[in-house]
Structure formats: structure tokens, C-alpha cells
Amino acid sequence: MSTCGASMEPAGYFQRPNGEYVVVHHCMGCDEERFNRIAADDDFDLVLALPEQPPRTRREVKAGRAEEYLAAGQEQWESEAEEVG
Ligand SMILES: [Zn+2]
């Protein structure tokens, strides 16, 4: 579940340079993205059925989001309690 309490839906996946697969979950409530490494009990076929996305890191997303918020005149954005990777 997301920080805002809305449901998350899988939006795609990408593969990290180290070969690790990551599922991108998108929040229906606030457009937050969350990256989850594929666990052993995940259905790998379902993951690969999602659209493949360009690899990126939480840090890159934060940087982009910071620019967006600064452009919108806001001073800070919600920080993530949970880091993946
Ligand atoms: Zn949310």
C-alpha cells in the first residue's frame, strides 16, 4: 500500500544493470511510483507481461520530482521512508 493509502497497481518493469528485475507500482491516488524487486514468490510471467520501462533509480525519480516541485513553487516533497535497492 502507498503512503497516501490509495491502492497501487503494477505499471511496468525494468531490469537493473546487475540483472535484477524491478516492478514499478503506480499509486492510483497520488501518482507516486514505487519500485519493488521481484520476490521469489512473484509470478515472473505476469511481471514480464507488463510494459518494459527504462531502468531508473529512486534517486533519479526524486531528483526529477524535486525539480517539478520547485518549478511549481513548493518547498519540499514527501520523503520516502522505504528505499529499494
Ligand atoms: Zn499515493
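What span should the 14 residues of helix α2 have at 1.5 Å a residue, and how far apart are its end C-alpha atoms? In this predicted model, the helix covers residues 58–71 and should span 20 Å. Its end C-alpha atoms are 20 Å apart, which agrees with the expected value. Helix α2 is hardly covered by the rest of the chain. The count of buried residues among its 14 residues is 0. Just after α2, Gly 73 takes a positive phi of about 85 degrees.

The chain as a whole has 2 helices and 3 strands. Read along the sequence, these elements follow the pattern β-β-β-α-α. Burial is scarce in numbers: of the 85 residues, 6% count as buried. Contacts across the sequence were also counted. Among contacts in the chain with a separation of 6 or more, 46% join residues 24 or more positions apart.

The strands form an open sheet of 3 strands. Their order is β1-β2-β3, and the pairing is antiparallel. The edge strands are β1, residues 8–15, and β3, residues 33–37. Each of these edge strands pairs on one side only. From one strand to the next, the twist averages 30 degrees. In a regular strand, side chains alternate between the two faces of the sheet.

Strand β2 spans residues 21–27. Its antiparallel pairing with β1 runs over 7 bridges. Two of the residue pairs can be named here. Gln 15 stands opposite Tyr 21 in β2. Phe 14 has Val 22 of β2 as its bridge partner. The hairpin of β1 and β2 has 5 residues between the strands. In this hairpin, Gly 19 takes a positive phi near 95 degrees.

The pairing of β2 with β3 is also described by its bridges. These strands pair in the antiparallel sense over 5 bridges. Phe 35 in β3 is the bridge partner of Val 24. The two strands form a hairpin with 5 residues between them.

The turn of this second hairpin holds Asp 31. Which sign does the phi of Asp 31 have, although it is not a glycine? The phi of Asp 31 is positive, at about 65 degrees. Asp 31 is found in the loop between β2 and β3. Is Asp 31 buried or exposed? Asp 31 counts as exposed because it has 11 C-beta neighbours inside 10 Å, and the cut-off for an exposed residue is 12 or fewer.

His 25 offers a view from within the sheet's β2 strand. With 18 C-beta neighbours inside 10 Å, His 25 counts as partly exposed. A buried residue would need 20 or more such neighbours. Which residues does His 25 touch, not counting those up to four places away in sequence? The contacts of His 25 are Met 8, Glu 9, Pro 10, Ala 11, Arg 34 and Asn 36. Of these, Met 8, Glu 9, Pro 10 and Ala 11 fall within the residue range of β1. Arg 34 and Asn 36 fall within that of β3. Ser 7 lies 18 residues from His 25 along the chain. The C-alpha atoms of His 25 and Ser 7 are separated by 9.6 Å.

Terms used: Residues are numbered from 1 along each chain as its sequence is written. This is a predicted model: local features need pLDDT of at least 70, side-chain atom pairs count only at pLDDT 80 or more; totals for chains, interfaces and linings use all residues. Two strands pair if DSSP finds at least two bridges between them. Helices (H or I, at least four residues) and strands (E, at least two) are DSSP runs, numbered from the N terminus. Axes are lines fitted to C-alpha atoms, for helices over the stretch in contact, and angles run from 0 to 180 degrees between N-to-C directions. The expected span of a helix is 1.5 Å times one less than its number of residues. Two residues are in contact if their C-beta atoms, placed from the backbone, lie within 7 Å.
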